[in-house]
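Visitor: Could you walk me through this protein and tell me how each label was reached?

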Amino acid sequence: MDHIANFGASGYALTELQLFRNSNHRRLAAALANCPVIGLAQDEQLAEGQNARLYIVLRGALLVAAGNRDGIPEGGNSKVLPGESIGEQAVLDDASNLAAMTALVPSELLVIDADLVWQLIDEHNEVARNLLRLLSFRIRAANALLRRRQKVGEFYRQLSMNDGLTGLYNRGWLDDMLPRMVATAQRGLAPLSLVMIDLDHFKLFNDTHGHLAGDDALRAAAGVINAALRPSDFAVRFGGEEMLVILPDTDSHRAMMVAERLCARMRLATVFDHAGLPRPHLTASFGVASLAPTMDETALMAAADAALYRAKQTGRDRVSL
């Protein structure tokens, strides 16, 4: 980092600097005359002192790392181009700039100490207005970036809660949400039912038709389940060929009706229909359980699992309560 000159002898015009637009340039030039202009080589990092300073890029470009005090949120970097400045927030906070600032190309920077920045704000209304506009723009840009990240984060969170093969919710979602649903139902004295589903003889299906056809069968079963449910119901791939349906505000009688409907529709599911090959048969067993006053989510799951076991033991392709 080289001290090239003072601003008064640098030859740069104030009219090209955003912070000083529409201001009294003659008075400003006198105030800034002794401010140093420093040079940075390409890829050279600006060495920061303990005192807050404002930097204005006169030539070249700076890359400012994320997480500094100037409106650039964590995870995002910013370019500072000729005429633009960095360090305003540090001056306002009376704290040194903590972010790494690196020259992308050979650059020259005007350096203004914090005391002089405050003097310019006090004595030049246009400088104060320009600074407010600049900070407002940075806040809006930072907020927009944060909103985009929140949307991306929610997108990936949703992906992490869904089974990649069937599109149903996965076990992680179930472990998170079922205890909440049970607690809500218990507090409100509302009914809540589960339907546990197991595709019949799925290992034999895979052995006969291959694992790709097995994946098709799981997707077909998920499609049957999704098509038969209300918007308020939830379908989960519990693991392997087991699936689970959560039915809020549904008592055991209505849950049995839903399970019987699913059982009948499953028999009609088309897994694949290649010419010259018989369409593979797909059935499932269903276990239904409804929440009792003393139950928690573990007991409710155990009851649905026991009902599913009875359905399988008594012949499969049926519903047990």
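Guide: Happily; here is a tour by question and answer, starting with the whole and moving to its parts.

Visitor: What kind of model is this, and how many helices and strands does the protein have?

Guide: This is a predicted model, and the protein has nine helices and 13 strands. Of its 321 residues, 43% are buried. Among contacts with a separation of 6 or more, 72% join residues 24 or more positions apart.

Visitor: Let's take the aromatic rings. What makes tyrosine 169 and tryptophan 173 a stacked pair?

Guide: The count for the protein comes to four aromatic pairs. One of them joins tyrosine 169 and tryptophan 173, with 4.0 Å from centre to centre and 10° between the planes. Centres within 6.5 Å make a pair and planes under 30 degrees apart count as stacked, so the label fits.

Visitor: And why is the pair of tyrosine 169 and phenylalanine 234 called tilted?

Guide: Here the ring centres are 6.3 Å apart and the planes meet at 50°. The centres are within the 6.5 Å limit, while the angle is neither under 30 nor over 60 degrees, so the pair is tilted. This pair links distant parts of the chain, 65 residues apart: tyrosine 169 is in the loop between helix H4 (125–160) and helix H5 (171–188), and phenylalanine 234 is in strand S10 (residues 234–239). Together, Tyr169, Trp173 and Phe234 form one aromatic cluster.

Visitor: How do you know whether tryptophan 173 is buried or exposed?

Guide: Its relative accessible area is 7%; buried means under 20%, so tryptophan 173 is buried. Tyrosine 169 has 23% and phenylalanine 234 has 22%. Those two values fall between 20% and 50%, so both residues count as partly exposed.

Visitor: On to the helices. What makes H5 roughly perpendicular to H9?

Guide: H5 and helix H9 (residues 297–313) pack at an angle of about 105°, with their axes 9 Å apart. Angles of 65 to 115 degrees count as roughly perpendicular, so H5 and H9 get that label. In the contact, Leu174, Leu178, Pro179 and Val182 of H5 meet Glu297, Leu300 and Met301 of H9. By class, those residues are six nonpolar, no polar and one charged.

Visitor: Why is H6 called oblique to H7?

Guide: The angle between H6 and H7 is about 135°, and their axes are 7 Å apart. That angle is over 115 but not over 145 degrees, so it is neither roughly perpendicular nor roughly antiparallel, and H6 is oblique to H7. Phe202, Phe205, Asn206 and His209 in H6 meet His211, Ala213, Gly214, Ala217 and Leu218 in H7. This contact has five nonpolar, four polar and no charged residues.

Visitor: How do you know that the span of helix H7 agrees with its number of residues?

Guide: Helix H7 (residues 211–228) has 18 residues, which at 1.5 Å a residue should span 26 Å. Its end C-alpha atoms are 26 Å apart, so the two values agree.

Visitor: Which elements do the buried residues of H7 pack against?

Guide: They pack against strand S9 (192–199), helix H6 (202–209), S10, strand S11 (242–248) and helix H8 (252–267). Among the buried residues of H7 are Ala213, Ala217, Leu218, Val224 and Ile225.

Visitor: What makes valine 195 a buried residue?

Guide: Valine 195 lies in strand S9. Its relative accessible area is 0%, which is under the 20% cut-off, so valine 195 is buried. Leaving out residues up to four places away in sequence, its contacts include Met243, Leu247, Ala255, Phe286 and Val288. Valine 195 and methionine 243 are 48 residues apart in sequence, yet their C-alpha atoms are 8.4 Å apart in space.

Visitor: Last stop, the loops. Why is leucine 189 called exposed, and histidine 201 partly exposed?

Guide: Leucine 189 has 79% relative accessibility, over the 50% cut-off, so it counts as exposed. Histidine 201 has 49%, which lies between 20% and 50%, so it counts as partly exposed. Leucine 189 is in the loop between H5 and S9, and histidine 201 is in the loop between S9 and H6. Leucine 189 has a positive phi of about 50° although it is not a glycine; for histidine 201, phi is also positive, near 50°.

Notes:
Residues are numbered from 1 along each chain as its sequence is written. This is a predicted model: local features need pLDDT of at least 70, side-chain atom pairs count only at pLDDT 80 or more; totals for chains, interfaces and linings use all residues. Side-chain values use heavy atoms; hydrogens and water are left out. Rings of Phe, Tyr and Trp (its six-membered ring) pair if their centres lie within 6.5 Å; planes under 30 degrees apart count as stacked, over 60 as edge-to-face and the rest as tilted. Buried means under 20% relative accessible area, exposed over 50%, partly exposed in between (1.4 Å probe, protein chains only). Helices (H or I, at least four residues) and strands (E, at least two) are DSSP runs, numbered from the N terminus. Axes are lines fitted to C-alpha atoms, for helices over the stretch in contact, and angles run from 0 to 180 degrees between N-to-C directions. Angles under 35 degrees count as roughly parallel, over 145 as roughly antiparallel, 65 to 115 as roughly perpendicular and the rest as oblique. Contact means heavy atoms within 4.5 Å. Ala, Val, Leu, Ile, Met, Phe, Trp, Tyr, Cys and Pro count as nonpolar, Asp, Glu, Lys and Arg as charged, and the others, Gly among them, as polar. The expected span of a helix is 1.5 Å times one less than its number of residues.
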